[in-house]
Amino acid sequence: MLDPFDGSLPPLETVLAQTRVVHLPMRVKFRGVTLRETALIQGPAGWGEFAPFLEYEPDEAAAWLACALEAAWLGYPAPLRESVPLNATVPAVPPAQVAGVLASYRGEVHEVKVKVAEPGRPFAESLAQDCARLAEVRRCLPDARLKIDANMGWSEDQAVQALTALSDYDLIYAEQPVETVEGLAKVREALRSAGNLLLIAADESVRKAEDPLRVARLGAADLLIIKAAPLGGVRRALSIVEAAGLPAVVSSALESSVGIRTGAALAAALSDLPYGCGLGTVSLMSKDVTSNPLVAVDGQLPLRDVEPDPVLLQELAAPADRVAHWHHRIRDCYRLLETQRP
């Protein structure tokens, strides 16, 4: 892992003393979550967010801690833009709920990412719901650019069938239709052979892989979906995009405005940003840690710092047993980061 710290990591006990664990209620279920649990860490450069999902083990979550410490102790690289274009996000909700989700975004919406391939349903039933959801988004926003995210939800054959059907909605790209890098390459080739030029974006294949550049080498995707936290921070993510030589879209990992600020810093530092970023998920939360949430207006996210409100931190504070759980996670991840240092 690229190590942005020239000297030692900040002391572990200082990190723990500056950590606040909070519960953020969701407006709608997203990635199976109705209450987002996350840890905020304050350092000399500001605030960072440590928000690996609860099922992530330390070997995967350590990069998230590196990102939080980078934000809190080092700050961010110089930006190339003052605001970041965003997409709205529609979870895998029934069509009747689509309008309500879209109404939570401020001003005009120019681009929408729609979640598809909901787990736990038969393929044919799920695909029918996906088509209905996309049709409703298109009805609500006839001029918006649409894209989909399957979160590895299909087999290769299912992906080809689904993407062929969903291409009728004039998609700009499809995100992570299958699990493996090799599978992405096969799906992309099958679509091209059938004359379908739908762009394929790699997400989990980049952020979960030991070698994120395999996607580019194998021609498995046309663009990368990157998240600062699972890639180990803004500086490491920028180095991966530069080495891959592919366009990139920055996405969130369902963080508070603190984590969204880190994603915005990454997007603002990219040399090219051809698509709207997925940094609008604060709009899916009914509470945030700041009274001035970092959300887009008319599809643009302003680049500004975020300061959590002490009153909200207290109101949203997790119970003592959950704080102890997160302190344990931080200790485990910190030890791993120490062993990975050169």
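**Entry 1: helix 5**

I began with helix 5, residues 156-166, and listed its buried residues: Ala159, Ala162, Leu163 and Leu166. Looking down the axis of helix 5, I found that these buried residues fall within an arc of 95°, so they line one face of the helix. I noted a general point here: an α-helix has 3.6 residues a turn, so residues three or four places apart point the same way. I should record that the model I am reading is predicted.

What do the buried residues of helix 5 pack against? I found two helices in the list, helix 4 (123-140) and helix 6 (181-193). The list also holds strand 7 (145-149), strand 8 (171-175) and strand 9 (199-202).

**Entry 2: phenylalanine 123**

I went to helix 4 next and looked up phenylalanine 123, which lies in that helix. Its relative accessible area is 19%, and buried means under 20%, so I put phenylalanine 123 down as buried. Which residues does phenylalanine 123 touch, leaving aside its neighbours within four places in sequence? I wrote down Trp154, Gln158, Gln161 and Ala162. Ala162 was already in my notes as one of the buried residues of helix 5. For tryptophan 154 I also looked up the spacing: it is 31 residues from phenylalanine 123 in sequence, and the two C-alpha atoms are 8.3 Å apart in space.

**Entry 3: two positive phi values**

I noted as background that most residues other than glycine have a negative phi. Alanine 117 is not a glycine, yet I read a positive phi of about 60° for it. I found alanine 117 in the loop between strand 6 (111-115) and helix 4.

Aspartate 170 is not a glycine either, and its phi is also positive, at about 60°. I located aspartate 170 in the loop between helix 5 and strand 8.

Are these two residues buried or exposed? Alanine 117 has 7% relative accessibility and counts as buried. Aspartate 170 has 58% and counts as exposed.

**Entry 4: lysine 186 and glycine 219**

I looked up lysine 186 and found it in helix 6. Its relative accessibility is 52%, so I entered lysine 186 as exposed. Between lysine 186 and valine 160 I read a gap of 26 residues in sequence and 9.4 Å in space, C-alpha to C-alpha.

Glycine 219 sits in the loop between helix 8 (214-217) and strand 10 (223-226). At 30% relative accessibility, glycine 219 counts as partly exposed. How far apart are the C-alpha atoms of glycine 219 and arginine 188? I noted 8.8 Å, for residues that are 31 places apart along the chain.

**Entry 5: helices 9 and 10**

For helix 9, residues 234-244, I listed the buried residues as Val234, Arg236, Ala237, Leu238, Ile240, Val241 and Ala244. They pack against helix 2, helix 8, strand 10, strand 11 (248-250) and helix 10. Just after helix 9 I came to glycine 245, which takes a positive phi of about 70°.

Helix 10 covers residues 257-269, 13 residues in total. From its first C-alpha to its last I read 18 Å, close to the 18 Å expected at 1.5 Å a residue. How many residues of helix 10 are buried? I wrote down 13 of the 13, so helix 10 is largely enclosed by the rest of the structure.

**Entry 6: helices 2 and 12**

My last look was at helix 2 (residues 58-74) and helix 12 (residues 320-340), which pack at about 85° with their axes 8 Å apart. That angle makes helix 2 roughly perpendicular to helix 12. From helix 2, I listed Pro58, Asp59, Ala61, Ala62, Leu65, Ala66 and Leu69 in the contact. From helix 12, I listed Arg329, Ile330, Asp332, Cys333, Tyr334, Leu336 and Leu337. By class, I entered 11 nonpolar, no polar and three charged residues for the contact of helix 2 with helix 12.

Conventions:
Residues numbered from 1 in each chain as written. Predicted model: local features only at pLDDT ≥ 70, side-chain atom pairs only at ≥ 80, totals over all residues. Heavy atoms only, no water. Helix = DSSP H or I, 4+ residues; strand = E, 2+ residues; numbered from the N terminus. Expected span 1.5 Å × (residues − 1). Buried < 20%, exposed > 50% of the residue type's maximum accessible area, 1.4 Å probe, protein only. Axes fitted to C-alpha atoms, helices over the stretch in contact; angles between N-to-C directions. Parallel < 35°, antiparallel > 145°, perpendicular 65-115°, else oblique. Contact = heavy atoms within 4.5 Å. Nonpolar A, V, L, I, M, F, W, Y, C, P; charged D, E, K, R; others polar. Arc of directions from axis to C-beta.
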